[in-house]
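Open your viewer, switch to a cartoon view and keep the selection box handy. We will walk through this protein stop by stop.

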Amino acid sequence: MSSFDNDNAWATGHETSTRTDFSKVLVVARSPINRIVVAKIVERAGLKPIAEPPETAEKALRMQAPGTVVLDGGPDNRDCDALMAGIAAARTAGRHVPAVILLSNRVGTPESLDLPGVVDAVVAKPITPECLQPVIDRLATLGRG
């Protein structure tokens, strides 16, 4: 049993799932089209997508406890700032949280985009299965590790 099983980063007095489900991937995007595209790529990877807009993503994260989260940063990488702030706080507190992939209009690493500690991988748009699926596979495998 991993330490995340007992220390859910989102346990803040709300009902939460207590076990991380590495077969689930939370897909967060303002654009319904981007949610559908990314969800299909997640399905191709053999995982179960949970697609949500940024406004409802934190509740889905608490309730579903996915092993990976894919965030569409939008035009300026700011669309999911509220969710990223919660993830950053959980990581700072030493809690285990899901692996995070940011879909970005800018090319770079989490460090070069000033996202260290929050984002584990950056995938540049346009979103294609050839670019995103290997990253999802790698992070899901590491999480199960």
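Is Arg 30 buried, partly exposed or exposed? Select Arg 30 and show the surface: with a relative accessible area of 43%, Arg 30 is partly exposed. Keep in mind on this tour that the model is predicted.

**Stop 1: the salt bridges**

Leave Arg 30 on screen and add Asp 79 as sticks. The two form a salt bridge, and their closest N and O atoms are 3.8 Å apart. Asp 79 sits in the loop between strand 3 and helix 4, while Arg 30 sits in the loop between strand 1 and helix 2 (32-44), so this pair ties together parts that are 49 residues apart in sequence. Asp 79 is buried, because its relative accessible area is 18% and the cut-off for buried is under 20%. Now add Glu 55: Arg 30, Glu 55 and Asp 79 are linked in a network of salt bridges.

Next, select Arg 78 and Asp 81. Their side chains meet in a salt bridge of 2.8 Å, N to O. Arg 78 is exposed, at 53% relative accessible area, whereas Asp 81 is partly exposed, at 26%.

One more pair to select is Asp 21 and Lys 24, whose side chains meet in a salt bridge of 3.9 Å, N to O. Asp 21 is partly exposed, with a relative accessible area of 22%, but Lys 24 counts as buried at 19%. How many salt bridges are there by this rule? The count comes to seven.

**Stop 2: the sheet**

Stay with Lys 24 and look across to strand 2 (48-52), where its bridge partner is Lys 48. Strand 1 and strand 2 run parallel and are joined by five bridges.

Now show every strand. You should find an open sheet of five strands in the order 2-1-3-4-5, with parallel pairing. Strand 2 and strand 5 (121-124) stand at the edges with a single partner strand each, so one side of each has no neighbour in the sheet. Look along the sheet and notice the turn: neighbouring strands are turned by 20° against each other on average, direction ignored.

Bring the helices back. Helix 2 packs on the sheet and touches strand 1, strand 2, strand 3 and strand 4; its direction makes about 170° with that of strand 2. Helix 4 also packs on the sheet, touching strand 1, strand 3 and strand 4, and its direction makes about 150° with that of strand 4.

**Stop 3: the nonpolar cores**

In soluble globular proteins, nonpolar side chains tend to be buried together. To see this here, select Leu 26, Val 28, Leu 71, Leu 83 and Val 119. Among the 21 residues of the largest nonpolar core, these touch the most other members. Strand 1 (21-28), helix 3 (54-64), strand 3 (66-72), helix 4 (81-92) and strand 4 (99-104) each supply at least two residues of this core. Which of them gives the most? Helix 4 does, with four residues.

For another colour, select Val 27, Ile 41, Ala 121 and Ile 127. They are among the 18 residues of a second, separate core.

Then zoom in on Val 119. Leaving aside neighbours within four places in sequence, Val 119 is in contact with Met 84, Arg 91, Val 100, Leu 102 and Pro 110.

**Stop 4: Met 84 and helix 3**

From Val 119, hop to Met 84, which lies in helix 4. Met 84 counts as buried, at 7% relative accessibility. Not counting residues up to four places away in sequence, Met 84 touches Leu 71, Asn 77, Leu 115, Val 118 and Val 119. Draw a distance line from the C-alpha atom of Met 84 to that of Glu 58: the two are 26 residues apart along the chain and separated by 9.7 Å.

Now select helix 3. Its buried residues are Pro 54, Ala 57, Ala 60, Leu 61 and Arg 62. What covers them includes strand 1, strand 2, strand 3 and helix 4. Just after helix 3, click on Ala 65, which takes a positive phi of about 50°.

**Last stop: the cysteines**

Select Cys 80 and Cys 131. Cys 80 counts as buried, at 2% relative accessibility, while Cys 131 is partly exposed, at 40%. How many disulfides does the structure hold? The structure holds zero.

Note on methods. Residues numbered from 1 in each chain as written. Predicted model: local features only at pLDDT ≥ 70, side-chain atom pairs only at ≥ 80, totals over all residues. Heavy atoms only, no water. Disulfide = S-S within 2.5 Å. Buried < 20%, exposed > 50% of the residue type's maximum accessible area, 1.4 Å probe, protein only. Core = buried A, V, L, I, M, F, W, Y, C linked by side-chain atoms within 4.5 Å. Contact = heavy atoms within 4.5 Å. Salt bridge = Lys/Arg side-chain N within 4 Å of Asp/Glu carboxyl O. Pairing = 2+ DSSP bridges. Axes fitted to C-alpha atoms, helices over the stretch in contact; angles between N-to-C directions.
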